[in-house]
Amino acid sequence: MAACGKGLDKFMFSLRLLRNLQLQNERFLSTSVCRLAVGGSSEQPPKFTPPSKPVIVDKTQTVASTRSHLSPEFIPPRQRTNPFKFYIERKDMIRRRKVLNIPEFYAGSILAVTMADPNASGKMNRFVGICIQRGGHGLGATFVLRNIIDNQGVEICYELYSPRIQQIEVLKLEKRLDDNLMYLRDALPEYCTVDPDMKPEPISPTGEVPVNKLKVRMRPKPWSKRWERPKFNIQGIRFDRSLTPEQMEHAQKWAQPWREYDMLKEYDTSKLEEQILSEVQREMSK
Amino acid sequence: SRSPSHLVGCIRTVKTTTWFDEHLTEDNQEYMRKTTAEEYRRQTAEKLNPLKDEPWQRHEWTEGSRRVGLVAVKLGMVPVWSKTGERHVVTMLQVQDCHVIKHLSKEEFDGHTAALVVGGKNVSPFNRSESQMEMFRNAGVPPKQKVTTFKVSDNALIKPGTPLYAAHYRPGQYVDVTAKSIGKGFQGVMKRWGFKGQPATHGQTKTHRRPGASGPGGDPAKVFKGKKMPGRMGNVYVTAHGLKIWRVNTKYNVLYVNGSIPGHKNCLLKVKRHTRASLCMHLFMFVCFPVRECASQ
């Protein structure tokens, strides 16, 4: 065993491949290996137990391949534009994605972005924060990261397809109860503080994205926007801590219950999404 | 607009125009549509073939000569980043089926310069008048939605029927784009001319968006002609000058032009070279993309 230590790595890899590809009978393999070990030839490796470390999964590649997710900026808004314009924009977006890996993330995930900056030392600057909003369509798609540094709240709006962005890392992939977390500006600072040296958490390649059902506690009113009003439809705030039931009822005066029945405001994107998703996956795999 | 005396004898007649397929049977309608589509394809294919069609002679470029422009369709706006990282917004213009339709010589046009009539997007022949159709038929080209004239110097004349493509322009050149601005209808003086209006409170009685005074007092004792007043706004030809071309996509004939452009999405525009010496990048070769290279695309 010790004599064949050098060749172990190479043959370990090839053996593992053989096992995976050919799906041979284990007993057959192990017995053959035993026999060879008895023979003592230097080409075949002797019987060894594989180490119990986990298989190294390339997280950036596997996540995209197993969970099919279409980034929201690919879906065109409902406008009177020629679909050809969206097609050309999509081609440019895919070209950029082939160079820079833009991972899947949602509002509420924690990201680290390295951007090229001529004025920074080392020419790059890195910012870590919670994504509070994803906006824009096409090449101008943006996302806003928020963090609290030295008791000062900082929000930076990055453009996904800007060539100045060198790397986007998802440190923690999770969803929240809302798509837009702008209310974190009026929440207690503990909910926005993200450690700049946070280590990336392992992301499961299959299954649903975990939803964090956290209800955030707010600072005393006045807030930057009246988040209790039904037009924002916020699920992620603990209103009972900051508002009385009378105030909640008063906010319901601005409810527009007829909007859910308005057929002209419906925009069904399911078929479009499928088409675009298949097109994007095809182009990315080329 | 006519003066009142002309209107005295005019009686409003009932117009009897209908759409082309109202009195045709269904098979005939289908047949008409199919034949016109096939004819279009045949016509465009003909024009691409250099053997059938002898282009006119290409001349050398001289200082002060003018080239034809293009007719393009406004697609939408996208951001574009330069190599240094600056972000600019550009409008995408697609050159769809741009053909030269007619050549007007100096005498026909205005006595000073020759002109070329260029047409844009293909459109159905059923709603065009006979005189228009005659012009298109002479050029051997399907009827176009927008037809414009470009003043052209003598050494830049092109044979009617030649297609024009986006490769006519290179990145770094400057263009003027003319289009009909979005019609806003009858608008008040604040939106139309940018007047300040009056305050919302502090006792203003029913006066918040009115023009206010209309001129000086007793001496002229009249309102001058051209006084800015409410009226129809928009739907007029507006030109945006000196727009830089950032990118040209020759496969799909798309031009990426700096900044915003008048007109709504999918409207037809007239694109010309910008002639201010400070901004011109002189291309020392001439005229459009030769027909042979167009066919190989």
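A good place to enter this structure is A:Lys85, which sits in helix 4 of chain A, the stretch covering residues 83-99. Please keep in mind throughout that this is a predicted model.

## A lysine at the chain boundary

Is A:Lys85 buried or exposed? With a relative accessibility of 8%, this lysine counts as buried, because the limit for that class is under 20% relative accessible area. Its neighbours, leaving aside residues up to four places away in sequence, are B:Leu75, B:Gly76, B:Met77, B:Val78 and B:Met92. One of these partners also offers a polar atom: the backbone oxygen of B:Met77 is 3.2 Å from a polar atom of the A:Lys85 side chain.

## The interface between chain B and chain A

From that lysine we can step back to the whole contact. Chain B brings 19 residues to it, and chain A brings 19 residues as well. On the chain B side, the residues that lose the most area to chain A are B:Leu75, B:Trp81 and B:Tyr252, which together make up 36% of what that side buries. Putting the two chains together buries about 1400 Å², and 60% of this area comes from carbon and sulfur atoms.

What polar links cross the boundary between chain B and chain A? Seven residue pairs are found in polar contact there, with both residues at pLDDT 80 or more. On the chain B side of this contact, four strands each supply at least two residues: strand 1 (70-81), strand 2 (87-94), strand 10 (237-249) and strand 11 (254-258). Strand 1 of chain B gives the most to that side, with six residues.

Charged pairs take part too, with two salt bridges counted between chain B and chain A. One of them links B:Arg247 to A:Asp92, where the closest N and O atoms are 3.1 Å apart. Another brings together the side chains of A:Glu159 and B:Arg87, at 2.6 Å from N to O. This pair joins two chains, since A:Glu159 belongs to strand 4 of chain A (residues 152-159) and B:Arg87 to strand 2 of chain B. The two partners fall into separate accessibility classes: A:Glu159 is buried, having a relative accessible area of 17%, while B:Arg87 is partly exposed at 42% relative accessibility.

## Chain A and its own salt bridges

Now for chain A itself. Its 286 residues include 35% that count as buried, and the chain exposes about 18700 Å², with carbon and sulfur atoms supplying 53% of that surface. Seven helices and five strands make up its secondary structure. Read from the N terminus, these elements follow the order α-α-α-α-β-β-β-β-β-α-α-α. Among contacts in chain A with a separation of 6 or more, 66% involve residues 24 or more positions apart.

Over all chains, the structure holds 14 salt bridges. Side chains of opposite charge can pair when their charged atoms come close. The table gathers four of the pairs.

| Acidic partner | Basic partner | N to O distance |
|---|---|---|
| A:Glu73 | A:Arg97 | 2.8 Å |
| A:Glu169 | A:Arg126 | 3.6 Å |
| A:Glu159 | B:Arg87 | 2.6 Å |
| A:Asp92 | B:Arg247 | 3.1 Å |

Where do the partners in the A:Glu73 and A:Arg97 salt bridge lie? A:Glu73 is in the loop between helix 3 (59-66) and helix 4 of chain A, and A:Arg97 is in helix 4, so the pair links distant parts of the chain, 24 residues apart. A:Glu73 and A:Arg97 are both buried. The other pair within chain A, A:Glu169 with A:Arg126, connects two strands: A:Glu169 lies in strand 5 (residues 165-172) and A:Arg126 in strand 2 (residues 124-135), so parts 43 residues apart in sequence are tied together. A:Glu169 is partly exposed, with a relative accessible area of 23%, and A:Arg126 is partly exposed as well, at 42% relative accessibility. Salt bridges that share partners also join A:Glu73, A:Arg97 and A:Arg134 into one network.

## A nonpolar patch on chain B

Our last stop is on the surface of chain B. Here B:Leu24, B:Tyr31 and B:Met32 make a nonpolar patch of about 270 Å². B:Leu24 is placed in the loop between helix 1 (4-7) and helix 2 (26-48) of chain B. Its relative accessibility is 31%, which means that B:Leu24 counts as partly exposed.

Conventions: Residues are numbered from 1 along each chain as its sequence is written. Chains are lettered from A and ligands numbered from 1 in the order in which they are written. This is a predicted model: local features need pLDDT of at least 70, side-chain atom pairs count only at pLDDT 80 or more; totals for chains, interfaces and linings use all residues. Side-chain values use heavy atoms; hydrogens and water are left out. Patches are made of residues with over 30% relative accessible area and no salt bridge: like charges are joined within 9 Å, nonpolar side chains (Val, Leu, Ile, Met, Phe, Trp, Tyr) within 5 Å. Accessible areas come from the Shrake-Rupley method with a 1.4 Å probe; for residues, only the protein chains shown count as cover. A salt bridge is a side-chain nitrogen of Lys or Arg within 4 Å of a carboxyl oxygen of Asp or Glu. Buried means under 20% relative accessible area, exposed over 50%, partly exposed in between (1.4 Å probe, protein chains only). Contact means heavy atoms within 4.5 Å. Buried area is the accessible area (1.4 Å probe) that two parts lose on being put together, summed over both. A polar contact is a pair of N or O atoms within 3.5 Å; within protein, one must be able to donate a hydrogen and the other to accept it, and residues adjacent in sequence count only if both atoms are side-chain atoms.
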